[in-house]
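Please walk through this protein chain with the sequence and the model side by side, going from single backbone positions to the pairing of strands and then to the chain as a whole.

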Amino acid sequence: MIHCPPDVELECGDSSDSSNTGTATASGGTCSGGVAFNHTDAAAAANCTGHAGIDRTWTATDDCGNTVSCTQHITFVDHTAPTIQATGTPADGVLGCSPTAAEIEAALGTATADDSCGTVTPSPTDDNVASNGCSRSQTRTWNVSDACGNPATAVSRTATWTVGQGPSITGVSASPATLWPPNHTMRDICVDYTVADNCGGTVTTTLSVTSNEPTNNTGDGDTSPDWVVVDPHHLKLRAERAGTGSGRVYTITVTATGACGSASSESVSVVVEHNITSPVSGNAFKVNSTVNFAGTFGDVPGAATPRSGRSTTCRPAAP
Ligand SMILES: [Ca+2]
Ligand SMILES: [Ca+2]
């Protein structure tokens, strides 16, 4: 009598050799001597593992030529979830300031998965970009199940970066704000302001100047240059204006650049008065009546020149 080894279930990758799945034995019989065993395999239908089952027929033959057979069923099963490996550049996902879309994509990265029963391809899902002040982050999560329905443990990568929105510039003022008399001399101007980077980074500032009048050829003696930037808080402006104009307006622009490279700017004006500011032309006033003047009177002697060099409210020059 032949005794088949019990039916077995193998994980993908396990050996189906009889040394692993068992061998047949025999008992009883009337023929003295030995019994020889052999087996033949026939493929059974494949299941979700993608591996064909094995119907293994064992045959025992004794010395008298008697044979007896039995069949062992070997099937493959998959109880092991795939494993996912994700990678990206840089490995920690930490980007600098204002990365490009391609850089964010590279940081979110790609993933592969291993499964003993066959090829599986993880699918990515991207969260929306999360925003916290100047910080941004985005997470990509991969998941996959094998063909037998075993879900992998999800794997995620997060890219983080910061964005620059342009530093804030507040309290921009120029001192003095008016220049008088228009005697073609260079005057010291102090530009005060406060800057702050919304990302907490270092801010660099520069000054630039424009004028509503040409530098020369306005009957001013052809002196130039009419402005010289000394440092981010100090410059010199020439006190002159076209004799035929309505006064010169210098526009001083403060440009602040944050650590992420984004810039913002604010402007302030310094005026070279053409004439004394007076009540609106065309109004008549009685002799000896009281007239209320309003406005800026930059031509008051002494009011238009710095009292003692640079204004005390002006920040010290950057080193
Ligand atoms: Ca599996
Ligand atoms: Ca000039």
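H184 sits in the loop between β15 and β16, and in this predicted model its backbone has a positive phi of about 70 degrees although the residue is not a glycine. H184 counts as partly exposed, because 14 other C-beta atoms lie within 10 Å, and a residue is called buried at 20 or more such neighbours and exposed at 12 or fewer.

Beyond that loop comes strand β16, residues 186–196, which pairs with strand β19, residues 234–238, in the antiparallel sense over 5 bridges. Within this pairing, R187 has L237 of β19 as its bridge partner. The two strands belong to an open sheet of 4 strands, in the order β14-β16-β19-β18, with antiparallel pairing. The edges of this sheet are taken by β14 (168–175) and β18 (227–231), each of which has a single partner strand, so one side of each is left without a neighbour in the sheet. On average, and with direction ignored, neighbouring strands of the sheet are turned by 25 degrees against each other. As background to these pairings, strands of a sheet are joined through backbone hydrogen bonds, and they may run parallel or antiparallel.

The edge strand β14 also leads to a further backbone feature. The peptide bond from S175 to P176 is cis, with omega near -5 degrees, and P176 is placed in the loop between β14 and β15, the latter covering residues 178–179.

A second cis peptide bond can be followed in another part of the chain, where T89 is joined to P90 with an omega of about -5 degrees. Here P90 is found in the loop between β7 (83–87) and β8. Strand β8, residues 94–97, pairs in the parallel sense with strand β13, residues 155–162, over 2 bridges, and V94 has T160 of β13 as its bridge partner. Strand β13 is also joined by 8 bridges to strand β12, residues 135–143, and these two strands run antiparallel. In that pairing the bridge partner of S137 is T160, so that T160 is a bridge partner both of V94 and of S137.

What, then, follows β8 along the chain? The loop between β8 and α2 holds S98, whose phi is near 40 degrees, a positive value in a residue other than glycine. S98 is partly exposed, because 19 other C-beta atoms are found within 10 Å, whereas 20 or more would be needed for a residue to count as buried.

On the other side of α2 (101–108) lies G109, in the loop that leads from this helix to β9 (110–114). G109 is likewise partly exposed, with 18 other C-beta atoms within 10 Å. Leaving aside residues up to four places away in sequence, G109 touches A86, T87, G88 and R157. The C-alpha atoms of G109 and R140 are 8.1 Å apart in space, although 31 residues separate the two in sequence.

The connection between β12 and β13 offers another loop position to examine, since it is there that S145 is placed. S145 is partly exposed, with 15 other C-beta atoms within 10 Å, and, when residues up to four places away in sequence are not counted, it touches N150, P151 and A152. S145 and T121 are 24 residues apart in sequence, and their C-alpha atoms are 8.9 Å apart in space.

Taken as a whole, the secondary structure of the protein chain comes to 2 helices and 21 strands. Of its 319 residues, 24% count as buried. Among contacts between residues at least 6 apart in sequence, 64% join residues that are at least 24 apart.

How far does the predictor's confidence extend over the chain, and where does pLDDT stay under 50? The average pLDDT of the protein chain is 86, and 85% of the residues score at least 70. Over residues 294–313, however, pLDDT stays under 50, and for this stretch the model has 32 contacts beyond four places in sequence.

Note on methods:
Residues are numbered from 1 along each chain as its sequence is written. Chains are lettered from A and ligands numbered from 1 in the order in which they are written. This is a predicted model: local features need pLDDT of at least 70, side-chain atom pairs count only at pLDDT 80 or more; totals for chains, interfaces and linings use all residues. Two residues are in contact if their C-beta atoms, placed from the backbone, lie within 7 Å. Two strands pair if DSSP finds at least two bridges between them. Axes are lines fitted to C-alpha atoms, for helices over the stretch in contact, and angles run from 0 to 180 degrees between N-to-C directions. pLDDT is the predictor's confidence in each residue, from 0 to 100.
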